[in-house]
Structures are given as C-alpha cells and as structure tokens.
Protein chains: 4
Amino acid sequence: MINNLAERAVTHYSGIRTFTEELVQPLEIEDFIVQSTSDVSPPKWHMAHTTWFFERFVLKPFKESYQEFHPHFDYLFNSYYETIGTFHPRYKRGVLARPTIEEVYTYRKHVDENIVELLENLDDSLLEEVKDLLEIGLHHEQQHQELLLTDIKYNFFQNPLKPLYTQLKETAKEQTLMIFKEFQGGLVEIGYQGGEFSFDNEHPRHKVWLEPYKLASRLVTNGEYLAFMKDGGYEKPQYWLSDGWAAVKNYGWTSPLYWKEDEQEWTQFTLSGEKPLNLEEPVCHVSFYEADAYARWAGKRLPTEAEWEYAAEGVAIEGNFVETQHFHPLSADLEAKGLLCKMYGDVWEWTSSAYGPYPGSKPMEGALGEYNAKFMCNQMVLRGGSCATPSSHIRATYRNFFQPEKRWQFSGIRLAED
Amino acid sequence: MINNLAERAVTHYSGIRTFTEELVQPLEIEDFIVQSTSDVSPPKWHMAHTTWFFERFVLKPFKESYQEFHPHFDYLFNSYYETIGTFHPRYKRGVLARPTIEEVYTYRKHVDENIVELLENLDDSLLEEVKDLLEIGLHHEQQHQELLLTDIKYNFFQNPLKPLYTQLKETAKEQTLMIFKEFQGGLVEIGYQGGEFSFDNEHPRHKVWLEPYKLASRLVTNGEYLAFMKDGGYEKPQYWLSDGWAAVKNYGWTSPLYWKEDEQEWTQFTLSGEKPLNLEEPVCHVSFYEADAYARWAGKRLPTEAEWEYAAEGVAIEGNFVETQHFHPLSADLEAKGLLCKMYGDVWEWTSSAYGPYPGSKPMEGALGEYNAKFMCNQMVLRGGSCATPSSHIRATYRNFFQPEKRWQFSGIRLAED
Amino acid sequence: MINNLAERAVTHYSGIRTFTEELVQPLEIEDFIVQSTSDVSPPKWHMAHTTWFFERFVLKPFKESYQEFHPHFDYLFNSYYETIGTFHPRYKRGVLARPTIEEVYTYRKHVDENIVELLENLDDSLLEEVKDLLEIGLHHEQQHQELLLTDIKYNFFQNPLKPLYTQLKETAKEQTLMIFKEFQGGLVEIGYQGGEFSFDNEHPRHKVWLEPYKLASRLVTNGEYLAFMKDGGYEKPQYWLSDGWAAVKNYGWTSPLYWKEDEQEWTQFTLSGEKPLNLEEPVCHVSFYEADAYARWAGKRLPTEAEWEYAAEGVAIEGNFVETQHFHPLSADLEAKGLLCKMYGDVWEWTSSAYGPYPGSKPMEGALGEYNAKFMCNQMVLRGGSCATPSSHIRATYRNFFQPEKRWQFSGIRLAED
Amino acid sequence: MINNLAERAVTHYSGIRTFTEELVQPLEIEDFIVQSTSDVSPPKWHMAHTTWFFERFVLKPFKESYQEFHPHFDYLFNSYYETIGTFHPRYKRGVLARPTIEEVYTYRKHVDENIVELLENLDDSLLEEVKDLLEIGLHHEQQHQELLLTDIKYNFFQNPLKPLYTQLKETAKEQTLMIFKEFQGGLVEIGYQGGEFSFDNEHPRHKVWLEPYKLASRLVTNGEYLAFMKDGGYEKPQYWLSDGWAAVKNYGWTSPLYWKEDEQEWTQFTLSGEKPLNLEEPVCHVSFYEADAYARWAGKRLPTEAEWEYAAEGVAIEGNFVETQHFHPLSADLEAKGLLCKMYGDVWEWTSSAYGPYPGSKPMEGALGEYNAKFMCNQMVLRGGSCATPSSHIRATYRNFFQPEKRWQFSGIRLAED
C-alpha cells in the first residue's frame with residue numbers, strides 16, 4: 001500500500017515530467033538535434049540531461065537495485081558537475097545524433113518508472129532526503145523547460161525557413177502610464193524564509209540597508225525602447241558601460257535580439273513567427289548592457305536585487321507564465337491590480353546587482369554544491385520570471401543570473417530611481 | 001514514345017540517384033542533421049544539394065514549365081556558386097533542422113520526375129547540351145556519394161557512442177614486397193583525350209617533360225607507417241614542411257586520423273566501428289603533410305601528378321571501390337596482376353603537385369566555371385579514387401584536390417624516387 | 001607675485017611629475033617602446049598619456065593662450081574617453097615608435113611650464129575648479145606610476161634576457177601567526193567623507209549592514225600558498241569558481257604569475273631579477289580566482305569591501321609603498337603594531353565584492369565621468385595599495401578594481417571568516 | 001700576409017655588411033624595436049639575425065678559437081632552423097627591448113672582426129667551403145636588406161604620425177603602350193647553370209615543355225589597376241580564386257595596400273610619406289590573389305615561372321634596384337631598351353606557379369637544408385627583384401616566394417596570354 005505522501009510525490013513528479021514532453025510536441029525529430037550556438041542546447045539534450053539528474057542524484061544513491069540505463073550517459077548528459085567526472089563539452093552537444101530521440105524517451109520512461117518504484121517503497125527514514133532531492137530535480141527540470149523554449153526560439157530564428165513553434169493570437173493593449181512607486185527602505189530583510197522549496201543561493205535571509213527608492217509601476221515597452229534607438233542609443237558611448245560599448249561594437253548590435261527592420265517597419269521574431277513589432281508590449285531579449293544603457297538614457301537606473309525583492313514581497317504571483325501558452329510577453333492590462341504591474345512573468349527583469357553569495361551562505365553539500373555557487377562571478381541577477389517560466393517555479397526571493405551580454409532569454413527592463 | 005537515347009539517359013540518371021539513397025539507408029533521421037566540423041556537411045544537405053544542382057543547372061534553364069520546388073532552396077542548397085547569388089554559410093549547415101528529411105525526399109522525387117519528363121520530351125536540338133549537363137550533375141552526385149561516406153564516418157567518430165554504419169568482415173592478407181617500377185619519362189602527354197565524360201580541369205591534353213623516375217608497386221601500409229611513428233616521425237621537424245610542422249603542433253597530431261592507442265594496442269575507427277589496426281592494410285586518412293614527411297623519412301618522395309598519370313594510363317580500372325561495400329581500404333592481393341597494384345580504389349594517393357590549371361585550359365562557361373577552377377590555389381592533387389569512390393567515376397586523368405592538412409578523406413601514400 | 005596657494009600647488013604638481021621621471025631612470029630608450037601584452041602599455045605611452053591628461057582637462061579649457069603641442073596627440077594619447085573622440089586602439093600602443101622619448105620629454109616640459117604659468121596667473125574665481133582638476137590629474141599620474149612599474153616588470157619578464165630594473169637587498173623575516181580579529185559589524189558606514197581628495201567612486205558615504213565577521217591579522221604567504229599548490233589546488237575543480245576553473249585550463253595556470261619551478265626549487269621573477277621564492281613573503285600576482293580558490297581551500301573566504309574598509313578605518317597608513325624602493329612585498333615585521341598588519345602597502349587585497357556604484361552615487365560630469373563609472377561591471381574590488389603605490393595616493397576608502405583573471409598587478413590575499 | 005682571394009672576400013663581406021648599416025641610418029633608436037604585425041620583424045632583429053647567421057654557420061664550425069658573443073643569442077636570433085634548437089617565437093620579436101641597439105652593433109662588430117680574422121688565417125683546404133657559406137650568408141643578408149625596407153615601411157604606415165624614411169623626388173613619366181611579345185616555347189631549360197652563386201631551390205637546370213605564349217612588354221600600372229577597381233573588381237567574385245575572394249572579405253580589401261581615398265583623390269603611402277597616386281607607376285603591394293583577379297578581369301593570365309625565366313634569360317639585369325635609392329617603383333622609361341621593360345627591379349612579379357621543388361632537386365645539407373626547401377607548400381613564386389633588392393642579388397633563375405595573400409613586399413603584375 002502506498003502512503004499518501006508518496007502518492008502526492010508521484011503525482012507532482014509525473015506532472016512536471018509530463019509537461020516537459022508536452023512542450024516538445026510541436027517539434028520534428030530533426031529539431032531535437034540542433035545546437036545553433038554554444039549558449040543553447042539541443043532539445044534532446046535537455047530531455048536527457050534532466051532525466052540524468054534524477055538518475056545520478058536520486059536513483060544511484062538511494063535505489064539499491066537500480067540498473068544504470070547506459071554506461072556513457074554520465075559522460076554525455078552531465079552538464080557541468082566537475083566533481084562527478086569529465087563530461088562532453090557544452091559547445092559540442094550538437095554533434096550527438098545518437099542516442100536517438102526514441103532512445104531518450106525510453107531513458108525517460110526507465111528513470112520515471114524507477115523513481116515511482118523508489119517512492120512507493122521508500123523507507124521512512126530516507127523519505128525526507130529523497131523528497132528534497134526530487135524537489136531540486138523538479139525545479140531543475142522546470143528551469144530546463146524554460147530553456148527548451150528559449151533555445152528552440154533561437155534555433156528556429158537561425159533557420160532562414162523560420163519554422164513556427166505555435167500559432168498565437170495577437171494582443172495589442174495600450175500601456176498604462178509609467179509611474180514610480182516610492183519605498184522608504186531602511187534596514188530590511190531579503191532572502192528566503194519559509195517551508196517551501198528554495199535554492200541555496202536564496203539563503204540565508206539577511207539584513208540589508210536600503211536608502212529610499214522608487215520603482216517603476218510597469219516594464220519598459222518596445223515603443224519606449226524604440227525612442228532610445230531613434231535617439232542614437234546604439235551610437236552614443238556615453239550611455240554605455242565600457243564592456244557594454246565593446247559588445248555593441250563586437251556583435252554589431254543595433255536593436256534587441258530578434259528585431260529586424262524591413263523598409264522602415266520593425267518586425268520581431270517570436271515562437272509564432274515573424275510579427276510586426278507591437279509597441280505596447282514589454283521590450284524583451286535585451287542584454288544587461290542594453291537595459292543599463294536604456295536606463296541611463298532615460299535618466300533612471302536599474303534596481304538592485306534587494307530593492308526589487310523588497311518591493312515584490314507583497315505582490316501576488318500572478319501573470320503571464322508558461323501556462324498561458326502565449327510564449328511571449330504581453331502588454332499590461334489596463335486594470336492592473338495595484339501599482340506594481342507584471343513583477344512576475346512576461347520578462348525577467350535585469351537588476352544592477354552582480355550575482356554573489358549572501359552573507360553567511362553555504363552551498364549545498366556534495367556535487368550539488370556546484371549547482372549555483374560556482375557561477376557567482378561575472379553574472380548579473382534577474383528577477384521575477386518570464387512567459388516561459390512555470391508559475392510554480394517562481395517566488396519573490398528567486399535569483400536568476402546570466403552574463404551581462406546574453407540576450408536569448410526573455411529578459412526586459414524595469415526602471416528605478418533614487 | 002521515348003527514343004532509346006532518352007531511355008538510356010533515364011536509366012543512367014535513376015541508377016546513380018537511387019544509389020545515393022541506398023547509401024543513407026543505415027542512417028537514423030537524427031544522423032542526417034549533424035555537421036560535426038565545418039569540413040563535413042550533414043547527410044541531408046548532400047541529398048538536397050545534389051538535387052538542387054539538377055534543378056538549377058538543368059530544369060530551370062531547359063524545362064519551360066518547371067515549377068521551382070521552394071523559393072528558399074537556392075539560398076539553402078547552393079554550395080559555393082557566387083555568381084548565382086548569396087548562399088547559406090558552409091559552417092552553419094548543421095543549424096538547419098528544416099526542411100525535414102521527408103521534405104528532402106519529396107524534393108528529390110519532384111526533381112527526378114521533372115528530369116525524366118524533360119528527357120522524354122526533349123527537342124533533339126537541345127539533347128546534347130542537356131545530356132552534358134546531366135552528366136556533370138551525375139558525376140557531381142557521385143562526388144557527394146563519396147563525401148556522404150567520409151562525412152558520416154567523421155560525424156560518427158565524434159560521438160562517444162561510436163555508432164556503426166555497417167558490419168564488415170575482417171581481412172588480413174599479407175602484403176607483397178614493395179618494389180619500384182622504372183619509367184623512362186621523356187616528352188609525354190597527360191590530360192584527358194577521348195569521348196567520355198571528363199571535367200574541365202583535366203583539359204587540355206598537353207605535353208610534359210618527365211625525367212626518368214620510379215614508382216612504388218604498392219601503397220604504404222599501416223605497419224610501415226607505424227615504423228615511422230616509432231622512429232619519432234611526429235617529433236622530428238627535419239621530415240616536415242614548415243606548414244606541416246606547424247600543423248603537427250597546432251592540431252597535436254601524433255598518428256593518422258582515426259587511430260587510437262589503448263594500452264599499447266593501436267585501433268582504428270572505421271565505418272564498422274573501432275577495429276584493431278591491421279598492419280597489412282594501406283595507411284589511410286593521412287594529410288599531404290604526413291604523406292610528404294613519411295616519404296622524406298623513407299628516403300623517397302611523392303610522385304608528381306604527371307608521373308602518376310603517365311604510369312596509370314596502362315593500368316586497368318579495377319579495385320576496391322564503393323561497390324565492394326567494404327568502405328575501407330584492403331590489403332593487397334598477393335596475386336596482384338602487374339607491377340602497379342591498387343593504382344585505383346582503396347585510397348586517394350597524394351601527389352607532390354599543387355593543384356593548378358593546365359596550360360591553355362579554359363573553365364566551363366557560366367556559373368559552372370566555378371566548379372573546379374576557382375580552387376586552384378593552396379590545394380594538392382590526389383589521384384586514383386578510393387574505397388568510397390564509385391568505380392564509374394574514376395579514370396587515369398581524374399584530378400581530386402584537397403588542402404594539404406585535410407585528413408578525413410580516404411587518402412594514402414604511394415612513394416616515388418628519381 | 002605668486003600667492004602661497006599657487007606656490008604650494010606648483011610644488012605639489014612638480015613633485016609628482018618629477019617622481020614619474022625618476023621611476024623611468026633605469027630604463028634604456030628601447031624599453032620605452034615595448035607592449036608585451038595588451039594589458040600593459042609602453043612606458044613612453046604612460047609618460048605621454050598622463051601629460052595629455054593635464055593638457056586636455058586643464059590647459060585647453062582654462063588657459064586661453066594655450067598652444068596645443070601636437071595635433072595628433074589627442075588621438076594617440078587619449079586612453080578611453082569615448083566622449084572626447086576616437087583614439088588609438090589600446091592593443092596597438094606598442095606599434096608607436098614615434099614620437100620619440102625625447103619628444104615626449106619635450107611634451108612633458110611644454111605642459112609642465114604651461115601648468116605653472118596657469119597656476120601663477122590664475123584668477124581666484126577659477127582657482128578651486130582648476131585645483132580640483134589638477135588634483136585628479138596628479139592622482140591619475142600616481143596610478144600610472146604604479147602601472148609603469150607593473151608594466152615594466154611584465155615586459156622584462158617576457159624577455160629571455162631578464163633585464164634588471166633595480167638591485168634589491170634580500171629580506172627574509174619570519175611571519176607571525178595568522179590570527180583572526182573579530183568585528184561586530186552592525187549598521188556601519190563606508191565611503192569617503194572628509195576634505196581631502198577622493199574619487200567619485202568612493203561616494204557617497206552610506207550605511208551598510210554587516211554581520212559579525214573576522215579578518216586575518218596578516219596576508220597569506222608564499223609558503224602557505226605553496227601548501228595549497230602541493231595539495232593539488234590547481235587540479236581540483238571543487239575549489240574554483242566556474243570561470244576561474246576555465247581560466248586555469250585556458251591559461252594553463254599552475255602557480256602565481258612570475259613563479260617558476262627549476263629542479264624542485266621555486267623562483268620568482270622580481271624587478272631585481274629572478275630570486276629564490278621567499279616563503280615568508282606575502283603571496284603576490286594572484287588573480288581573484290586564485291585568491292578565491294585559496295580561501296575556499298583554507299576553509300575561509302575573502303572579505304567584502306565593506307568588511308575590509310570598516311576594519312581599515314582605524315589603521316594608520318604606513319607600510320611598504322613605492323617610496324621604500326623595495327618594489328616588492330616584504331614579510332611582516334614581528335613587532336607589527338596592532339592586530340591588522342599590512343592593511344596598506346605590499347599587495348592589493350582582493351575582496352569578494354564586484355565593483356559597482358554606491359547607492360545614490362553620481363559620476364563626475366563631462367568626459368571625466370568616464371574615469372571610473374563605466375568600468376562597473378565584470379571587475380572585482382581590491383583594497384589597500386601595494387609596494388608600487390605612492391603612499392600619498394591611498395586611503396581606507398580607496399577602491400581599486402580589475403577583472404578577476406588579471407595577475408600582473410601586485411595583488412594578494414587576506415582571509416576572512418564569518 | 002693575406003692572399004688575394006681572402007682580401008677580395010673581406011672586401012665583399014664588408015661591403016654588404018656596411019650597406020645594411022647604411023640602410024638603417026634614417027632610423028631613431030625607437031624605430032628599431034617595433035614589430036607592427038607578425039609578418040614583419042623589428043629592424044634590430046634583422047641586424048642581429050643576419051649576424052647570428054655568420055656566427056652560427058661560419059664562425060662556430062670553422063673558427064676554433066671563437067668565443068660565442070652571448071649564450072642566449074642562439075635562442076633569440078635563430079629565425080626558423082628547427083634542427084638547431086628552439087627559438088624565440090616569430091610573432092613575439094617586438095617584445096625584445098634588449099639587447100639594446102648599441103649591443104647589437106657591438107655584436108655585429110664582434111662577428112665581423114672574427115670573420116675577417118678567420119678569412120685571413122684560413123687553411124686553403126677549408127677556403128672553398130667557408131667561402132660558399134659566406135656567400136650564402138651575404139645573400140641572406142641582402143634578403144634581409146630588402147625586408148628591412150619593407151618592414152620599416154609597414155611599421156611607419158601603422159603609425160598615425162606617418163614618419164618619413166627618406167625624401168624622394170617625384171617622377172611622372174608616361175607609360176609606353178603595353179604590347180605582348182611572342183615566345184615560341186618548346187622544350188626549353190630553366191634553372192641555374194653557371195659558376196656564380198645561386199640558391200639550392202634554383203637547381204637543377206632541367207627541361208620544361210612550354211606551349212607558345214606571349215608576355216607583356218611592361219608592368220601593369222596604377223592607372224590600369226584603378227580601372228579594374230572602378231569596374232567593381234573588388235565586388236565581383238567571378239574574377240577571384242575562392243581563397244582570394246575569402247581574403248577580400250576577411251581583410252576588407254578594396255585597393256592595394258598603402259592606398260587611401262581622400263575625397264575622391266587616391267594617395268599612396270611610400271617610404272617618403274603619403275603621395276598622390278601616380279597613375280603611370282607600376283602597381284605595387286598587391287597580393288597574388290589581386291594580381292590573379294586583375295589578370296582575369298583583363299582577359300589575360302599571369303605567366304608561369306618557366307615562361308618568365310625563359311623570357312628573362314636574354315634581358316640585361318638593369319633597373320630600379322635598391323642602389324637607386326628611390327625605394328619605390330618608377331614608371332617605365334619611354335626609351336626602354338627592348339620589348340621587355342622592367343623585368344628586373346621595381347616590383348617582384350607574381351607568377352602563376354606554386355613554389356615547389358625542381359625535378360631531382362636536393363636541398364643543402366644540414367640545418368641550411370631548411371633555408372628554402374621546407375617552405376615548398378602554400379606559396380607562390382615571384383620573379384625579378386624590386387626597388388628594394390640589391391642589384392647584385394638578383395638573376396633570371398632567382399625564385400622568391402610568398403603566401404598568396406601577402407602584400408607588404410614590393411609585388412606587382414606582369415600579364416601573359418596564350
């Protein structure tokens with residue numbers, strides 16, 4: 001007989017695992033193989049790697065009778081856990097025609113069945129530890145659900161045939177006025193506190209002193225960003241950090257990623273193809289450098305992650321997440337509840353904070369200590385989730401992070417000022 | 001009613017087109033997409049590009065009613081014909097998940113049917129011209145049949161799972177003694193002369209003065225090459241051209257491509273997987289630099305292409321071609337007929353001749369003038385065909401060419417001396 | 001008649017300008033030209049660029065009669081001020097044989113004379129503004145005095161002849177025990193406050209909450225760092241940030257810069273040549289990545305810049321600065337006064353803080369706003385000055401910053417713990 | 001008492017050695033150090049390397065009492081002789097501030113005195129061998145005299161101050177009509193034969209069959225090349241070899257090296273500064289790719305090296321060599337003697353021949369075997385010498401060679417046709 005806890009765990013596990021497979025339904029077999037730049041991974045790789053995560057961190061240590069699915073998969077599907085062993089180089093993931101997709105589905109099934117079996121027969125003494133690891137694995141899988149979408153988008157964009165992932169209805173709401181909500185600051189606390197899941201990098205909850213600040217009521221729109229461009233934003237070094245200006249020159253940036261100008265009309269590539277640029281939608285696929293330059297041009301600045309989190313704590317976690325199946329940011333609702341609109345969903349919001357450890361923080365033990373901690377250099381924090389994030393994955397204290405020049409995530413801009 | 005000439009042309013055309021599809025039978029859909037280095041192309045690309053060749057150079061100019069299959073295919077499947085228009089960059093062919101394989105098969109069928117229709121209804125006045133272009137297209141397809149095999153081999157090798165293309169029987173004949181056959185030389189002629197197909201780069205037949213020379217009766221074997229390695233061949237700069245020595249250092253070469261040493265046993269990756277190194281087989285997958293260094297170590301030299309061709313003219317075109325389905329060079333038969341064994345098939349033989357125009361040569365007219373002529377710089381000539389070459393594709397005057405550092409073709413060594 | 005203020009300004013100005021020229025006395029003309037990597041600049045360039053700084057920011061705007069020395073020098077000797085105009089690329093500074101050293105000395109003299117003339121005749125209403133700019137220019141010159149030494153050291157090291165900059169006496173004091181001094185933290189303040197010179201990046205003084213922490217009484221020594229190396233420090237990824245581990249692999253790091261192992265004896269290249277490694281001296285020329293990895297190996301961490309500054313505020317600014325003419329860190333004095341030894345001088349101390357703006361900060365106006373602010377990304381803060389820093393240049397609030405992989409500055413390690 | 005042979009040898013030796021020092025008279029000490037791209041070497045390096053050549057190949061083996069000047073110079077001034085030992089990497093020659101110029105002059109003096117002493121006391125039995133090596137060393141020095149000029153020109157061009165090497169008088173003769181002289185060809189001989197000095201790569205004299213051909217009476221001019229440019233020469237791929245077209249794109253070529261367009265006026269940088277482009281002068285500083293593309297555009301071709309040599313054999317070796325001190329090609333004299341004008345001097349003439357060994361050739365023995373032979377791949381032959389070549393250095397059989405993309409030599413175009 002299965003206890004209730006295990007049953008709920010199985011349901012939870014299966015729900016998230018199944019959602020991954022739903023997300024790849026629109027793909028052809030050929031689409032699973034491509035890695036069009038080293039930042040993205042082939043969809044097949046995401047599906048196998050998330051499975052490997054459960055095999056390596058749950059089944060191998062906790063299921064005695066477990067039979068490894070394939071002796072090479074530790075090498076092929078380890079992403080970056082150096083303390084586990086050598087692994088296939090990231091930039092060469094597109095070289096791997098094999099295992100086939102069918103074999104990867106078999107691998108997923110094999111691991112899923114074993115996880116269920118493990119849960120149904122687990123000794124109570126191990127239940128807590130296994131449940132915690134499963135929870136990490138599922139949040140890990142949700143992160144890859146988002147990456148699946150951003151990587152498919154990038155791959156499709158590289159193909160002159162511009163394949164469609166989905167057919168989307170258009171939206172064209174007008175934006176509300178941008179106003180700046182005041183916060184008094186003072187000695188506040190940030191970081192996770194509570195009984196649900198959270199990552200090690202959100203700990204410990206700790207005190208931070210905040211000077212009074214203001215936060216914009218909504219995101220910067222495409223129309224506003226276009227004004228920056230028309231004012232020579234990409235030609236005037238005074239708006240840019242030194243490394244940002246170098247990126248403008250090196251990469252030849254003249255607009256956000258996925259924008260294109262055709263006979264003075266701007267279009268934007270989306271998961272439902274190339275669309276006329278909607279000026280009311282939040283600007284998206286900008287780097288930290290562009291967000292920072294835009295803010296300087298606008299006479300504002302980006303918020304720190306503490307400012308963002310402190311403001312977000314009271315806001316309900318609602319919005320345009322992956323479940324809406326828009327797969328694209330939406331313009332703000334005129335009847336937005338409250339002054340801070342779209343803090344969650346739509347686009348990740350760049351902060352001015354470099355990603356680093358919280359005071360007194362301790363990474364997870366063992367190989368999972370590599371999960372977050374070793375990236376705490378040369379990256380900037382983003383907050384709030386996007387239209388590709390599962391809603392159950394996000395919270396006020398959640399810290400996402402990317403290098404300041406990356407643009408293929410759904411990343412946008414919320415302004416702040418002193 | 002179809003005339004006999006057209007009927008024969010259709011049979012010839014279909015035979016070669018079908019053989020391409022037979023060669024890819026062992027592949028999974030996933031295998032068609034991968035480009036593991038910019039030298040190789042994805043199998044799908046070869047299948048579409050050869051089809052595009054007929055569409056672009058035969059159907060569009062000669063079949064009035066012809067409906068282009070897809071408006072983007074000129075961009076996607078033009079390889080390098082600059083005078084036709086811009087094309088998808090070579091190194092990014094692995095980015096193209098779409099069109100799917102199924103669509104490429106439909107494309108092939110569409111073009112094939114149109115070619116047959118064209119042939120069956122062709123005005124006599126155009127027959128000759130169309131037949132000539134078809135002939136080029138078919139020889140072009142045969143070149144890509146060889147590339148399909150060398151590229152699949154390279155892609156499979158990059159995958160740690162080391163997939164099999166085929167299951168091959170082992171062979172281990174002993175080699176005959178290498179002797180050097182003498183040629184008197186003098187004022188001889190080389191270049192194509194005759195009524196069958198030949199490429200523009202084999203023309204015109206012209207006089208060349210040859211000093212007396214000797215040519216080895218057989219190819220250099222793995223065993224002989226291993227002796228060079230054991231004598232420090234890859235560590236002693238005195239055997240190497242300057243650019244060759246730089247290649248040794250840059251690429252870290254210590255053996256031919258596909259060789260691996262495991263606990264003092266050498267293995268070789270083949271289209272039927274990793275095999276113990278057969279010392280009696282011809283050495284294969286060496287660059288020009290390695291062939292040249294080996295020859296210098298052995299106190300010999302490579303033949304010029306004129307020396308090779310002059311010696312080959314009397315030799316029957318028999319041997320281990322793609323039709324044997326060995327897909328790998330074989331050791332020489334002890335009862336080899338005549339003194340020059342394996343001039344054709346098994347491995348392409350590097351010559352000491354830089355690839356250049358013959359005196360008085362004229363490239364083909366129009367875009368096809370780019371087929372051969374524009375590569376006449378920085379490449380070395382290879383002669384004789386390989387185990388991946390269709391036997392009907394080769395002849396004594398045939399000039400293959402690659403950059404001196406390339407190793408993924410079936411390329412080997414025949415020695416010469418003064 | 002010259003007023004006293006102007007007289008003192010002239011004396012101050014001349015003193016620092018003269019010291020630059022003293023620092024290059026040991027050089028041959030040839031030494032002034034070399035740029036052995038793009039991080040360093042040729043000594044000649046430093047001498048001209050610091051002069052250009054006064055010409056461009058003081059003489060041109062404030063001395064009406066001023067005659068520009070050379071029309072190309074704005075292009076040649078502007079370092080990175082984008083808003084002033086285009087400039088010679090940094091990595092190509094070693095291409096500039098001309099102007100000759102002699103011409104650069106003439107340039108210096110020309111500017112110096114004009115500055116003196118300006119000061120002696122300055123209208124009182126402008127005095128304050130000019131004095132502020134001169135002060136920035138002189139602190140700027142002091143920064144380049146340090147760079148002159150670190151760049152000469154790097155250039156000399158690249159030459160197999162290993163030239164000497166100076167002859168130094170050996171030192172070999174024993175180190176004191178490393179103990180950890182406790183700080184209670186709480187709501188403290190950091191940032192500059194006072195009437196002397198400070199850079200814009202030290203402002204405003206602001207509140208920071210500090211948890212209790214401990215700071216090491218002295219710097220990590222060569223001997224201690226060697227223990228890390230012998231324990232496999234450079235081979236074990238678990239100690240390293242992800243980008244740090246990539247740097248270890250890419251650059252092939254196995255020790256600090258300037259160390260070399262000869263038959264199991266370690267030597268270290270210094271401005272007085274190659275010396276046996278003194279185990280008692282502070283370890284130097286390590287990157288942030290190495291400092292961070294060492295700290296993790298030692299079970300400690302690096303301090304934040306706020307922790308460092310709060311601890312340093314009471315400490316007297318004494319130590320081994322450029323004026324001692326050791327040009328090399330010294331081992332700690334056994335009779336060190338107080339618990340925090342060598343907070344100033346000897347080596348810059350890496351902190352765990354990414355370089356960013358203080359809350360409410362404002363960069364200087366105009367082109368000088370580019371001086372510090374535009375580098376606030378991808379760099380880490382260092383504190384305390386080094387054996388190449390002029391003592392009058394440093395203070396508790398001073399923020400130096402470099403990319404985390406840089407090693408050619410005199411940079412070392414002080415540990416902290418919770 | 002000195003015998004006459006030795007006396008003549010000393011005079012010959014001193015004359016050429018002294019001329020090197022005359023060539024660098026216009027330089028400042030700073031100019032001796034710069035290496036503005038890896039193709040060029042610092043002038044100081046040329047002066048030391050040519051000296052090292054005599055020390056290493058003459059003094060060390062033949063002068064028993066010889067004291068090596070400096071133990072590191074074998075490492076620093078060996079250019080590329082792998083069989084002698086490791087050497088300082090070519091691209092890092094600009095890093096070497098030391099030895100100083102003064103020390104290099106001392107080195108030259110030391111070696112020169114020893115050479116004279118050797119010659120004056122040489123045993124008759126060794127005289128021939130030593131004289132041969134000296135001769136190679138002197139021709140080697142003459143090659144570096146040319147490189148000194150081309151490298152100084154390139155370095156000066158990289159400096160925005162555009163220093164002058166010399167002050168030259170202008171010349172503006174009108175060009176004669178270009179006519180094509182016919183040659184019957186047949187079985188001819190090329191390669192050196194005779195008792196004077198020649199390099200190993202000119203041997204042996206051997207038979208070559210030449211079809212009838214025509215050679216242009218004079219070089220292509222700037223004006224003619226400009227017509228090619230105005231006709232879209234750099235935009236039309238049909239004129240270019242595949243690798244040439246790639247070079248146009250990669251390097252952004254739109255004209256020969258050293259040309260610049262200012263408000264529709266073309267200028268050309270010369271050793272006497274920037275000058276208006278003289279349309280009557282021979283075009284210069286073009287790559288093989290440009291020469292080849294120009295020829296194709298003009299409906300002609302480049303000559304083979306055999307065609308060039310066969311035509312040149314009757315032509316007197318007169319012309320604009322380094323001794324004229326123009327250091328720049330001159331327009332042809334209207335009264336040119338004979339139909340083939342400027343076969344020698346002015347500019348090296350690109351041929352269509354890849355640089356390779358002559359049939360039956362043998363490289364020199366020992367390390368000097370690396371002098372020419374190991375470069376026989378990926379380079380094209382140039383003939384005839386230039387305005388930077390010493391006149392005593394050149395002859396009809398002389399083979400110069402460079403990679404097809406190089407442009408910093410004085411290289412130009414003579415057309416041929418069938």
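## A buried salt bridge in chain C

In this predicted model, C:Asp112 counts as buried at 17% relative accessibility (buried is under 20%, exposed over 50%, partly exposed in between, with a 1.4 Å probe and protein chains only). Its partner is C:Arg17: the two form a salt bridge, with the closest N and O atoms 2.8 Å apart. By salt bridge we mean a side-chain nitrogen of Lys or Arg within 4 Å of a carboxyl oxygen of Asp or Glu. C:Arg17 sits in helix α1 (residues 4–23) and C:Asp112 in helix α4 (residues 101–120) of chain C, so the pair ties together parts 95 residues apart in sequence. Helices (H or I, at least four residues) and strands (E, at least two) are DSSP runs, numbered from the N terminus. And C:Arg17? At 2% relative accessibility, C:Arg17 is buried.

## More bridges in chain D

D:Arg108 and D:Glu21 also meet in a salt bridge, at 2.6 Å from N to O. They link helix α4 and helix α1 of chain D, 87 residues apart. Here D:Arg108 is buried at 1%, while D:Glu21 is partly exposed at 22%.

Another pair is D:Glu417 and D:Lys300, 2.8 Å apart from N to O. D:Lys300 is partly exposed, at 26%.

## The wider picture

Over all chains, a search of the whole structure turns up 121 salt bridges. In chain A, a network of them links A:Arg17, A:Glu21, A:Arg108, A:Asp112 and A:Glu141.

## How to read the numbers

Residues count from 1 along each chain as its sequence is written, and chains are lettered from A and ligands numbered from 1 in the order written. Local features need pLDDT of at least 70, side-chain atom pairs count only at pLDDT 80 or more, totals for chains, interfaces and linings use all residues, and side-chain values use heavy atoms, leaving out hydrogens and water.
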